[in-house]
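Hi,

Here's the structure I said I'd pass along. Have a look at it first, and my notes follow underneath.

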Amino acid sequence: MNDILPPESAQWEWFETKVRSLMDRYAYRNIRTPIVEPSALFIRGLGEVTDIVEKEMYSFEDKLNGEQLTLRPESTAGVVRAAVEHSLLYDGGKRLYYMGPMYRHERPQRGRYRQFHQIGAEALGFPGAEMDAELILLADALWQELGLKDVQLEINSLGEPDERKAHRAALIAYLEGNVGLLDEEAKRRLYSNPLRILDTKNPNMQALVENAPRLIDFLGEKSLAHFNSVKAILDMNGVAWKFNPRLVRGMDYYNLTVFEFVTHQLGSQGTICGGGRYDYLIEQIGGRPAPAVGWALGVERVLELLKEQRSVQLQSAPVVYAIVPDAVALPVAMALLQKLRGLGVSVQMHSPAVRGEGMGSMKSQFKKADASGAQYALIFGADELARGGVIVKPLRDGGSQQVEHPIHHVADWAGTLQSIA
Ligand code: ATP
Ligand code: MG
């Protein structure tokens, strides 16, 4: 689990602001659900025989009432629970998005942490392929907005439950014929959840997985038509996609369209975003049956990729640094700084590091002002204050002169400070 400190946290805020603006343009509304949910929600929602439920959940017993709880490993189940609990779909479908920390007990490595952050978009109550496509277009627009390159879209269709059943039988027969090549986990999952085996990260099993029966060959006309509609919309929008018949995703709740955005630039943790349709989850969690589709992206991985590809210059500096030669001026100075902030100016006040030794020399205060990156120093000198003035000294553009301003005209010159910054 990582601390996210300044100045790096500025990248996070920059990214989150971009996402909020984009979500607004696609009419997705923010939803915030608790970080802790009953364990049963994830066990039922994600599927018992999945990596997350089998070995990655942070679960504990509430000591006060014995309830089994889990730190959310993902947010779709929680969003669906909230939608059901509050009857969000009573007047039609809802487009929602969230941001926040998720928890999975994994082996920490680059791009894989135990507390990590996801941003997700979910469209609940819409059955059409156009909504699968809208969500993919939304993610694609985000990569463009961020200036990310070399992100490939992989898509597949998992079909419907009855189609999966036929595939399952063929898959089990195939795996039984190759039982010597299965690792312990795969052997365990052979009859409980064979599709999961296709999602293995074991490099020794990749050839086996490559040659396994493909789900797509078991899909009926309707499922294929849905898949083709998604692809047609992507094509018309110039979004390149690659059909990956092995793509199954890590949770059991998916059906029909599944997709991932992957990059080669992050080593083996190359999936930056994944999602798909989950038309049966709402009913499974206790709601009236309603279709849904969504995705989640890994914030750490996206920011890491951004760092690999381009440097985003973020200026996090105040506009004004207030220099106070003598502590007696503090009440007047701080009242003026409050006014400036009220007018929208970013202000950092000098505060000495040692107690009882005054405000520090002018030299040391100017040094701090410089290091802060501020555009201007405001100097609350005793002589100027006595006649109702304060000095504004430009710190950045070399030659320009300091000017004394009347304190009571602060609103006038605050405007000019802002526009230059
Ligand atoms: P992976 O196959 O890499 O384990 P996943 O299929 O478990 O990923 P999802 O549950 O689909 O991942 O989560 C969506 C996205 O969240 C992933 O594509 C990835 O970018 C990010 N993500 C998942 N787990 C982690 C983690 N432990 N640390 C950082 N990011 C993660
Ligand atoms: Mg995983």
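To start with a small one: is R214 buried, partly exposed or exposed? This is a predicted model, by the way, so please read everything below with that in mind. R214 comes out as partly exposed, with a relative accessibility of 29%. The side chain of R214 meets that of D217 in a salt bridge, 3.2 Å from N to O. D217, for its part, is exposed, at 52% relative accessible area.

Now the ligand, which I guess is what you'll open first. The shell around ligand 1 has 16 residues, and R104, E106, R112, R249 and T271 are the ones that come nearest. Sorted by class, that shell is made up of six nonpolar, four polar and six charged residues. Three strands, β6 (115–124), β10 (271–277) and β11 (292–298), put in at least two residues each. The biggest giver is β10, with three residues.

A few polar contacts to click through:

- Y113 has a backbone N or O atom 2.9 Å from a nitrogen atom of ligand 1.
- R301 places a polar side-chain atom 3.1 Å from an oxygen atom of ligand 1.
- G298 has a backbone N or O atom 3.4 Å from an oxygen atom of ligand 1.

As for cover, ligand 1 on its own exposes 580 Å², and the protein buries 93% of that.

On to charges. Side chains of opposite charge can pair when their charged atoms come close. The structure holds 25 salt bridges, and I'll just pick out some of them.

One of them is R110 with E304, where the closest N and O atoms are 3.2 Å apart. That pair ties together distant parts of the chain, 194 residues apart: R110 sits in the loop between β5 (94–103) and β6, while E304 belongs to helix α12 (residues 299–309). Both ends are partly exposed, R110 with a relative accessible area of 38% and E304 at 24% relative accessibility.

Another joins the side chains of K242 and E154, at 3.6 Å from N to O. Here too distant parts of the chain are linked, with K242 in strand β8 (residues 242–243) and E154 in strand β7 (residues 152–157), 88 residues apart. E154 counts as buried because its relative accessibility is 12%, and the cut-off for buried is under 20%.

There is also a network of salt bridges, which links D51, E54, K55, E185, R188 and R189.

So which arginine is buried yet has no salt bridge? That's R246, which you'll find in the loop between β8 and β9 (255–262). The nearest side chain of opposite charge to R246 is E210, 4.3 Å away, and a salt bridge needs the N and O atoms within 4 Å, which is why the pair doesn't count. R246 does have a polar side-chain atom 3.5 Å from the backbone oxygen of V209.

Last one: R396, in the loop between β15 (389–394) and β16 (403–406). R396 is partly exposed, with a relative accessible area of 37%. The C-alpha atoms of R396 and A374 are separated by 8.1 Å, and the two residues are 22 residues apart along the chain.

That's what I have for now. Shout if anything is unclear.

Cheers

Definitions and conventions
Residues are numbered from 1 along each chain as its sequence is written. Chains are lettered from A and ligands numbered from 1 in the order in which they are written. This is a predicted model: local features need pLDDT of at least 70, side-chain atom pairs count only at pLDDT 80 or more; totals for chains, interfaces and linings use all residues. Side-chain values use heavy atoms; hydrogens and water are left out. A residue is near a molecule or strand if one of its heavy atoms lies within 4 Å of it. A polar contact is a pair of N or O atoms within 3.5 Å; within protein, one must be able to donate a hydrogen and the other to accept it, and residues adjacent in sequence count only if both atoms are side-chain atoms. Accessible areas come from the Shrake-Rupley method with a 1.4 Å probe; for residues, only the protein chains shown count as cover. Helices (H or I, at least four residues) and strands (E, at least two) are DSSP runs, numbered from the N terminus. Ala, Val, Leu, Ile, Met, Phe, Trp, Tyr, Cys and Pro count as nonpolar, Asp, Glu, Lys and Arg as charged, and the others, Gly among them, as polar. Buried means under 20% relative accessible area, exposed over 50%, partly exposed in between (1.4 Å probe, protein chains only). Lys and Arg count as positive and Asp and Glu as negative; His and the chain ends are not counted.
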